[in-house]
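Biologist: I am new to reading structures like this one. Could you show me how each label is earned?

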Amino acid sequence: EGTDYVPLLSTNNGTEAMASAFGAVLQEHDGRYWAERLFHDLHEADGLEVPPVEGALVGEALEHTRLLRQHTELPIMSLDLQSPLTVATQLLGVSELFMAMYDDPRRVHALLEVITEFFIRVVETQQASAGEFWAPVFWPGIWSPPEVGLELADDYMLALSPELFDEFSLPYLSRLAEHFGGLFLH
């Protein structure tokens, strides 16, 4: 009573879910998972295709969304979505990706395109599964209507120069914002 608290249900996934769908091996530490690099060289990502949305931890989160929808009418939170750039760092490594921005920008953009397309497919699938109960947030755990767009975490944005951010993160964030009718970052 006396608050505007609205309970939200989580799909119980972590920041590594998107990388796991591409095939990154996960290591468990104290009940949390970390994605090991999938590629040791950016050339290994040549020809990378958008994976099915039903794979790995993403698939588990989507199944959890469907089950929650069948058994409740509470808002269901979005997956804990990082930005396309953050997922790329999980697949290649932070230093390796940042160096590739200078050494092989074309390949970095190709990788980010595939990741961004995967984001669109995953979010559309979760929205459809949750229906009117989809809440486009993960953190902080506050309710937001779907009309506000999509929440992402762009954890490496502060590590990039404005020029690198504008070239390698902003176009993909903008594409997601346009597709989902808005974007907010934490």
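Modeller: Happily! A helix here is a DSSP run of H or I with at least four residues, and helices are numbered from the N terminus. Keep in mind that this is a predicted model.

Biologist: Where is Ser-169, then?

Modeller: Ser-169 sits in the loop between helix 6 (162-168) and helix 7 (170-180).

Biologist: Why is Ser-169 called buried?

Modeller: Buried means under 20% relative accessible area. Ser-169 has a relative accessible area of 2%, so it counts as buried. Apart from neighbours within four places in sequence, Ser-169 contacts Leu-85, Asp-154 and Leu-164.

Biologist: And what makes Ala-128 exposed?

Modeller: The cut-off for exposed is over 50%. Ala-128 reaches 65% relative accessibility, so it passes. You will find Ala-128 in helix 5. Its C-alpha atom is 29 Å from that of Gly-47, a residue 81 places away along the chain.

Biologist: Why is Ala-56 called partly exposed?

Modeller: Partly exposed covers the values between those two cut-offs. Ala-56 has a relative accessible area of 39%, so it falls in that middle class. Ala-56 belongs to helix 2, and its phi is positive, near 55°, although the residue is not a glycine.

Biologist: How do you know that the length of helix 2 agrees with what is expected?

Modeller: The expected span is 1.5 Å times one less than the number of residues. For the 16 residues of helix 2 (residues 56-71) that comes to 22 Å, and the end C-alpha atoms are 23 Å apart, so the two agree.

Biologist: Which residues of helix 2 are buried, and what covers them?

Modeller: Leu-57, Val-58, Gly-59, Ala-61, Leu-62, Thr-65 and Leu-68 are the buried ones. Their cover includes helix 1 (17-21), strand 1 (26-29), strand 3 (76-77) and helix 5 (105-130).

Biologist: What makes helix 3 largely enclosed?

Modeller: Nine of the nine residues of helix 3 (residues 84-92) are buried, so the rest of the structure largely encloses this helix. Among those buried residues are Thr-86, Thr-89 and Gln-90. Just after helix 3 comes Gly-93, which has a positive phi, near 105°.

Biologist: How is the packing of two helices described?

Modeller: Two packed helices are described by the angle and the distance between their axes. Helix 3 and helix 5 have axes that come within 9 Å and cross at roughly 115°. Their crossing is right-handed. From helix 3, Pro-84, Leu-85, Val-87, Ala-88 and Leu-91 meet Leu-111, Leu-112, Ile-115, Thr-116 and Phe-119 of helix 5. The residues of this contact comprise nine nonpolar, one polar and no charged.

Biologist: What makes a group of residues a nonpolar core?

Modeller: The members must be buried residues of certain kinds, such as Val, Leu and Met, joined through side-chain atoms within 4.5 Å. The largest such core here has 49 residues, and Val-58, Leu-91 and Met-101 have the most contacts inside it. Helix 5 gives this core its largest share, 11 residues.

Biologist: Which residues does Met-101 touch?

Modeller: Not counting residues up to four places away in sequence, Met-101 touches Leu-85, Val-108, Leu-160, Leu-164 and Phe-168. There is also a second, separate core of five residues, including Met-77, Ala-135, Val-137 and Phe-138.

Technical notes
Residues are numbered from 1 along each chain as its sequence is written. This is a predicted model: local features need pLDDT of at least 70, side-chain atom pairs count only at pLDDT 80 or more; totals for chains, interfaces and linings use all residues. Side-chain values use heavy atoms; hydrogens and water are left out. Buried means under 20% relative accessible area, exposed over 50%, partly exposed in between (1.4 Å probe, protein chains only). Helices (H or I, at least four residues) and strands (E, at least two) are DSSP runs, numbered from the N terminus. Contact means heavy atoms within 4.5 Å. Axes are lines fitted to C-alpha atoms, for helices over the stretch in contact, and angles run from 0 to 180 degrees between N-to-C directions. A crossing is left-handed if the near helix is turned anticlockwise from the far one by less than a right angle, and right-handed if clockwise. Ala, Val, Leu, Ile, Met, Phe, Trp, Tyr, Cys and Pro count as nonpolar, Asp, Glu, Lys and Arg as charged, and the others, Gly among them, as polar.
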